[in-house]
Amino acid sequence: MLELTGLCAGYGDLEVLRDISLSIGQGEIVGLLGANNAGKTTLVNCISRLIPWHRGACKFEGRDISRLAPHEVTECGISQVPEGRQLFPAMTVWENLMMGGFPGKARAQRAKTIEYVFGLFPRLLERRTQLAGTLSGGEQQMLAIGRALMSGPRLLVLDEPSLGLSPRFVQTIFEALAALHREGLTILLVEQNLNVALKNVQRCYVLERGEVAISGRAEDMRHDPAVRKAYLGN
Amino acid sequence: MNREIAYTAAGGLVAVLAAGVIVSAMPEYYSGIATKTLIFIGLAMAWNIVGGIGGQLSLGHSVFIGLGALLPAAMLLKLSVPLWVGVACAAVVSSLIGAGLSWLTFRFRLGHLYFALVTLAVGELGRIIVIGTEFLGGASGLLVQYKSWSFGEVHVSVATQSLIFALAFAALTIVVTYGLLRSKLGYRLRALKGNEDAAQAIGIDLLRSKTAAMVISAILSSLGGSVFAQYNGFVDPEVVASPILIISIILFTAIGGIGTILGPVLGVAILFPFGEILRGVLANSLPGLHLVIFGATLVAVIRLMPNGLVGWLRTRMQLLRVQQA
Amino acid sequence: MDILLQAIIQGVLIGSTYGLIALSMGLIYSVSGITNFAHGDLMVLCMFGAYTLFAILGLDPYISVLLVAPAIAIATFVLYKYLIQPISSQQLMVIQLTLGLMFVIQNLLLMVYGGNFQRVPSVLDGDVMIIGDFAVIQSSLFVSFVTTWVLAAVLFWLLGRTDFGRSVRAVHQNARAAALVGVNVGRTQLIVVSLSAAILAVSASLLVSGRAIHPSEGLHYTIVALMPFVLGGMSNLLSILISGTIIGVAETVGNVYLNGPLGFAVPYLVFILILIFRPQGLFGARS
């Protein structure tokens, strides 16, 4: 579904990612792991085209997305739940969700999709007139995911959804993700917490200092000492 | 870095002095333009202390220049206070206003845009107060008759006096800028300009440093205003106290390269005489054409050579060095 | 007392137009972080557009605005797209560029129209309205007031209740997230900028009635508008409008008590005074 080849990217002259290649099949849950500053968020922002690429190519569902603008990537069917949620703080829960449904195709379905999101996260329905900036961390994460779902994506990219959340909320979030996956949504999950990640994904890539160090099935990786080594440095 | 500063400062001084020597031998029309150019170089250097080194676009320096131009003349004509006392008073008042302005805008970190907007409003307030105050000449300005000096057999005409003052002023600003850049204050200002957060984290006091820069700049600008008044004889408030004056200076400096030492000198030295001559030639047919050209040049420079002429020259020279290596 | 009341009413009326000019600055700033120091000059350009349309076609400024507004919207669109947007991340550069622009516009106008004051006659010239037995106001000022607040109401409705308006607010609150939900940030900014220019053209035609215009007044209008802009916290449109009223009242009341040019110093003094106590503006947020 997503084929990324030879991606080199960074900020100005600084190269953060070197020759990254990965692929995600339809219906998979794939993890992107690695220690702090390995380049996970940069990679995800490259897929969303928020960061200019130095080199590389990317195909999504057969279509070349290497030169699209960020809003066009969303229109294609890839939706990102950014690190730190990045909500619209002075808008209500409902307005944030409405903004999620901004792309043309999704707009017609907005009413139905909002109902679906409220079904997935009943807490959001309760708080639909509350300003997003005043929600708790867990509620904000639910809203961020809900907002990303509003554009009807076929690939959902989540950047560290469990960051700063209580275990209870983490469980709620991952239960929702599992439900979404069962219904056919393809998911790319960036996670710093190794155990949480390996429990919830099928395959994963481990990034180390801007390069893909390891890739394989989650089951195999759970017991691979090389993975832990890549994670913790040396 | 220090060597580069030393070279450019020395170069600037030499250029200014050489210009002075050449010009003093020229017919009065051209020496007049040269004198004005030197004054504007000095004013640009003075502004650059806040603008280039401090990294804050001040649009209110017209207050200091206007004070320096009008207060001594007013005190002489209306209170019979000797000029040099008036000049000193203007400098003191300017430094106080500068300190106040700094306090107003830098005690909280409100950003560059805020600073530019507030200083612009203050500059305009200064112009309105000058025009509305009879003591400072009101809307009609002040006229001071300067006398030529005689030392025995040597006569120094008023025009030559202006040239000498202008030279001294320009040299002073170059020396002060050079000294500032090599001082601890200069180091602090550059750190703040590069990264305010990091600089404050290592203990650099934003308010104190910016205020020091502003006060120095204000005093120099005030002196420049006094020299300008001496050159002109008649002081027109719409010229000296109007934000337009300082904005023109910023224009020249930006084209030359804000934040460098040579930038203000180069920008003013190239553009100002050109503008004056053009203005003389086109006096009645197309008034303001020279300003259109300046404005358009600035727009082009910002888009094509963001670091100004000096920055562009520097990159060229680096490229040459790389090629030769 | 009567004179004071008259001045206050007048100030509220004229302040609404100042607020409108400042509002268009605020709109542009809130969506792109850009402040155009040639803003007032663009407005003077509109005023002279109205003057020319009167000279050639005999159009009343209240009518010619229908031609001037789209023209200035297009001109501003081109200006922003090719000159300003490419450097929009460097605030200091934008300020310098727009200062250069100010020189260009101001002096082009001087070259074309000369250095004299011009008048643009309008249908409301000399018309006054009498309120009760305590105030006499120019009809043109009253029209300005009503137009400003109606326009503002429409704008607030647009921003609050339509998809486009919501996308503008989204870009203001978090441009990155807006891009991620599918908003074309660059294009949204350009549309808002063009809209603001059209609003500026309306301000111009409102002011032109009953005032003499001059090519070099642009900077003055920029400065008069920047005060409500800053006092309103630069992005809060309603507080910008209210601050415009404050500045207007300060100006008219100042002129009652201080003779000559000094009366016009009062709004600036009020501005500085407010900033001493609330540097972030009346309704702004301290970061």
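Trainee: What makes α6(C) count as mostly covered?

Mentor: Of the 11 residues of α6(C), 8 are buried, and a residue is buried if 20 or more other C-beta atoms, placed from the backbone, lie within 10 Å of its own (12 or fewer makes it exposed, and anything in between partly exposed). Among the buried ones are C:Arg166, C:Val168 and C:His172. Before we go on: this is a predicted model, where local features need pLDDT of at least 70, side-chain atom pairs count only at pLDDT 80 or more, and totals for chains, interfaces and linings use all residues. Residues are numbered from 1 along each chain as its sequence is written, and chains are lettered from A in the order in which they are written.

Trainee: Which elements do the buried residues of α6(C) pack against?

Mentor: They pack against α3 (93-100) of chain A, and in chain C against α1 (2-32), α5 (139-161), α7 and α8 (185-208). Helices here are DSSP runs of H or I with at least four residues, strands are runs of E with at least two, and both are numbered from the N terminus.

Trainee: How many residues make up the contact of chain C with chain A?

Mentor: Chain C gives 14 residues and chain A gives 23, where contact is defined by C-beta atoms, placed from the backbone, that lie within 7 Å. On the chain C side, α6(C) gives the most, with 5 residues.

Trainee: And how many residues of chain B are in contact with chain C?

Mentor: There, 38 residues of chain B are in contact with 35 residues of chain C. α5(B) gives the most to the chain B side, with 14 residues. By class that side has 32 nonpolar, 4 polar and 2 charged residues. Nonpolar covers Ala, Val, Leu, Ile, Met, Phe, Trp, Tyr, Cys and Pro, charged covers Asp, Glu, Lys and Arg, and the others, Gly among them, are polar.

Trainee: Why is chain B called as compact as a globular protein of its length?

Mentor: Chain B has 14 helices and 4 strands. Its radius of gyration is 20 Å, close to the 20 Å that the globule rule gives for 325 residues, so the description fits. The radius is taken over C-alpha atoms, and the rule is 2.2 Å times the number of residues to the power 0.38.

Trainee: What span is expected for helix α12 of chain B?

Mentor: The expected span is 28 Å, and α12(B), with 20 residues, reaches 29 Å from its first C-alpha to its last, close to that value. The expectation is 1.5 Å times one less than the number of residues.

Note on methods
Contact = placed C-beta atoms within 7 Å.
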